[in-house]
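Me: I have a structure in front of me and would like to learn how to read it. Please take me through the features one at a time.

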Amino acid sequence: MQTRVDVFDEIFLVFLGLGTLVGIVVISYTLYNAYKYRDVDGREKDEDLPTLGELPTGGGGGRKLFVSFGLSAIVVISLIVWTYGMLLYVEDGPSEDGIEVDVEGYTFAWDFEYENGVTSTGEMAVPVDTTVWIDVTSRDVWHTFGSQELRVKADAIPGETDRTWFIADETGEYRIECFELCGPGHSGMNADLIVMEEDEFQNWLDEQQQGGGDGGSGEGASGDGQQNETDAGNESTDAQNSTNETNGGGES
Ligand SMILES: [Cu+2]
């Protein structure tokens, strides 16, 4: 499964490789000609040798010119076609099934809503090696959701939904940032992207669901967490655990 990181790495390497190759050919040929036609005494008369003020014909009746233009055209057109194909893949996404997450930006944080209704704020958990489709929108002004490390970015515009995808092929923590200057808190408009193994992710979802019903507001979560129906029976242990519970949401 090709990730966005793979695609952009490949494009970068191909352009770097071809650019280096063309550079080497052009510079070598320039140096070769500079040496070949250097000023020496007693040089034989060469018909191809340009004289000062004369436009060089390229020799061979323009054959060299034709070949170099032809080669350049082939290289450039192939690059355009190939890159376009790669970018179409980025547009369309992989065909494999994945998970869907609704992302909503607002000044100055990110909300995430999963398919089963679980919500979280400031923390997005996803399973590793899975296509994550995101539907990005905004509650107020223009933002841009993005994670540099995963090469994903999507505009968050009120009233519109920008759908795109990403795949994280390694577990760990990544950084989500806002990429559209949106107000005084813009630079702090970050969220954690936590990439987990599939079973870990299911546990995380379950945990969020148990602590759920609080609408995903970060501040509200700690208070409401203690009023779970499941906890109603044993209030005494509840009281002891309440301090732990208040931290529970963020620990996963
Ligand atoms: Cu912003």
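**Reading the sheet and the helices**

Reply: In this predicted model, five strands form an open sheet in the order 3-2-1-5-8, with mixed pairing. Strand 3 (119-121) and strand 8 (162-166) are at the edges with a single partner strand each, so one side of each has no neighbour in the sheet. From one strand to the next, the twist averages 25°.

Me: What does the chain contain in total, counted in helices and strands?

Reply: The chain has five helices and ten strands. Its length is 252 residues, and 19% of them count as buried.

Me: How should I read a single strand and its pairing?

Reply: In a regular strand, side chains alternate between the two faces of the sheet. Here, strand 1 (residues 98-106) pairs with strand 2 (residues 109-114) in the antiparallel sense, over six bridges. Within this pair, Glu 104 is opposite Asp 111 in strand 2.

Me: Which strands does strand 9 run antiparallel to?

Reply: Strand 9 (residues 172-178) is joined by two bridges to strand 6 (residues 143-147), and the two run antiparallel. Gly 146 stands opposite Glu 177 of strand 9 there. Strand 9 is also joined to strand 10 (residues 191-196), antiparallel again, by five bridges. In that pairing Ile 176 is opposite Ala 191 of strand 10.

Me: Now the helices. How far apart are the end C-alpha atoms of helix 2?

Reply: The general idea is that an α-helix has 3.6 residues a turn, so residues three or four places apart point the same way. In helix 2 (residues 63-92), 30 residues at 1.5 Å a residue should span 44 Å, and the end C-alpha atoms are 43 Å apart, which agrees. Gly 93 follows helix 2 and has a positive phi, near 85°.

Me: How many residues of helix 2 are buried?

Reply: The count is zero among its 30 residues, so to speak of helix 2 as hardly covered is fair.

Me: How do I describe two helices that pack together?

Reply: Two packed helices are described by the angle between their axes and the distance between the axes. Helix 1 (residues 4-36) packs with helix 2 at an angle of about 170°, the axes being 10 Å apart. Angles over 145 degrees count as roughly antiparallel, and therefore helix 1 is roughly antiparallel to helix 2.

Me: Which residues meet in this contact between helix 1 and helix 2?

Reply: From helix 1, Arg 4, Val 7, Ile 11 and Leu 18 meet Val 75, Thr 83, Met 86, Tyr 89 and Val 90 of helix 2. Seven of the residues in the contact are nonpolar, one is polar and one is charged.

How values were computed:
Residues are numbered from 1 along each chain as its sequence is written. This is a predicted model: local features need pLDDT of at least 70, side-chain atom pairs count only at pLDDT 80 or more; totals for chains, interfaces and linings use all residues. Helices (H or I, at least four residues) and strands (E, at least two) are DSSP runs, numbered from the N terminus. A residue is buried if 20 or more other C-beta atoms lie within 10 Å of its own, exposed if 12 or fewer, and partly exposed in between; C-beta atoms are placed from the backbone. Two strands pair if DSSP finds at least two bridges between them. Axes are lines fitted to C-alpha atoms, for helices over the stretch in contact, and angles run from 0 to 180 degrees between N-to-C directions. The expected span of a helix is 1.5 Å times one less than its number of residues. Angles under 35 degrees count as roughly parallel, over 145 as roughly antiparallel, 65 to 115 as roughly perpendicular and the rest as oblique. Two residues are in contact if their C-beta atoms, placed from the backbone, lie within 7 Å. Ala, Val, Leu, Ile, Met, Phe, Trp, Tyr, Cys and Pro count as nonpolar, Asp, Glu, Lys and Arg as charged, and the others, Gly among them, as polar.
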